[in-house]
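Trainee: Please take me closely through one part of this model. Keep it plain, and give me the cut-offs as you go.

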Amino acid sequence: LAKADGRARYALFDEQRNAQQLLRYGLTGRLAGALERGEFELVYQPLVALDGNRLRGAEALLRWRHPDLGTVSPNTFIPVAEQSGMILPLGRWVLRESCLAAAAWQRSHPGTPLLVSVNVSPRQCTDPRLLDDVRHALADSGLDPANLQLELTETVLMQSTGRPVQTLRTIADLGVRIVIDDFGIGYSNLAYLRHLPVHGLKLAGAFMAGIRKLESDHVDEQIVETVIRLAHMLQMTVTAEGIETADQAARLAALGCDLGQGWLFGRPVRPAEIPLTPSPA
Ligand code: C2E
Ligand code: MG
Ligand code: MG
Ligand code: MG
């Protein structure tokens, strides 16, 4: 019985793998030309200072609106685009669009410096053209480099040999901010980050479940508190993502977390719907 059970499980595993390959194959074909057909869109989610809840910027999040499939999640299509290499032209488009949107906010609300935070995939980081892509996006939009932030995953920095780090250093020298996305779920090594051009950390949303039950689980609170304290010691800012409740925001503010992002403050929206308000004097 156990054997039959095992075989059935393997068959199921094969079936799932086949389905996944089929899906990937289908998506690769559908992704080709999607950029030219205008099927991509960027939505922006507010980044808020936890001390006073003021808007500080927004993260650009990619959406693929396929005529038949509907809206496909970036968690589904980004890995496919990475594999096919399409992430390079797509990432270039994201950078350019985000900078244009941020420059437009800046023109309509001068005096309210807002960051636009752009996700950069591992494949883009090893592409020697990334530096030029950033330069062009800034030059074509007229955006102040200080208002651009790039989000990288920690594996890029931990596993890469010299070249990508050198490119990032040059990008940082332009005045662009660099942060580590989803911090805490991979090979987090704060001591190592000290030697890299990194200005901040985004605490992985996975930590927020722990924050919710802080009263009963002090270990979670202590981990988050320690990360925040170490990050500050290294002159890095900390953003918590996935904040859904006012309790979480209050706890994180008490722990010294700088910025927050999540449904509590706002869902990702089209550029015109960003709740831009002039900052109180
Ligand atoms: P991420 O960069 O960590 O983005 C945060 C994700 O959490 C977003 O999912 C966002 O919609 C979601 N989120 C925001 N607030 C909450 C909340 O309060 N609760 C919960 N449960 N979720 C929240 P999304 O938009 O589906 O993006 C998924 C991932 O896809 C992103 O994770 C990022 O890694 C990747 N991605 C998105 N846009 C781009 C892009 O332009 N380029 C690249 N390379 N990757 C992208
Ligand atoms: Mg991100
Ligand atoms: Mg993240
Ligand atoms: Mg992520």
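Mentor: Start with Asp 182, which counts as partly exposed at 27% relative accessibility. Asp 181 is buried, with a relative accessible area of 8%. (Buried means under 20% relative accessible area, exposed over 50%, partly exposed in between, with a 1.4 Å probe and protein chains only.)

This is a predicted model: local features need pLDDT of at least 70 and side-chain atom pairs 80 or more, while totals for chains, interfaces and linings use all residues. Residues are numbered from 1 along each chain as written, chains are lettered from A and ligands numbered from 1 in written order, and side-chain values use heavy atoms, without hydrogens or water.

Now the metal. Asp 181 and Asp 182 each give an OD atom to the magnesium ion (ligand 3). Glu 241 is listed twice, each time with OE. The distances run from 2.1 to 2.4 Å. (Donors are N, O and S atoms within 2.8 Å of the metal, or 3.2 Å for Na, K and Ca; water is not among the atoms, so sites may look incomplete.)

Follow these donors along the chain. Their spacing is D-D-x58-E. The two Asp letters stand side by side in that pattern. The E comes after the x58 stretch.

Next, look for the neighbouring ion. The magnesium ion (ligand 2) lies 3.8 Å from the magnesium ion (ligand 3). Asp 181 coordinates both. So the residue shared by the two ions is the buried Asp 181, whereas its partner Asp 182 is partly exposed.
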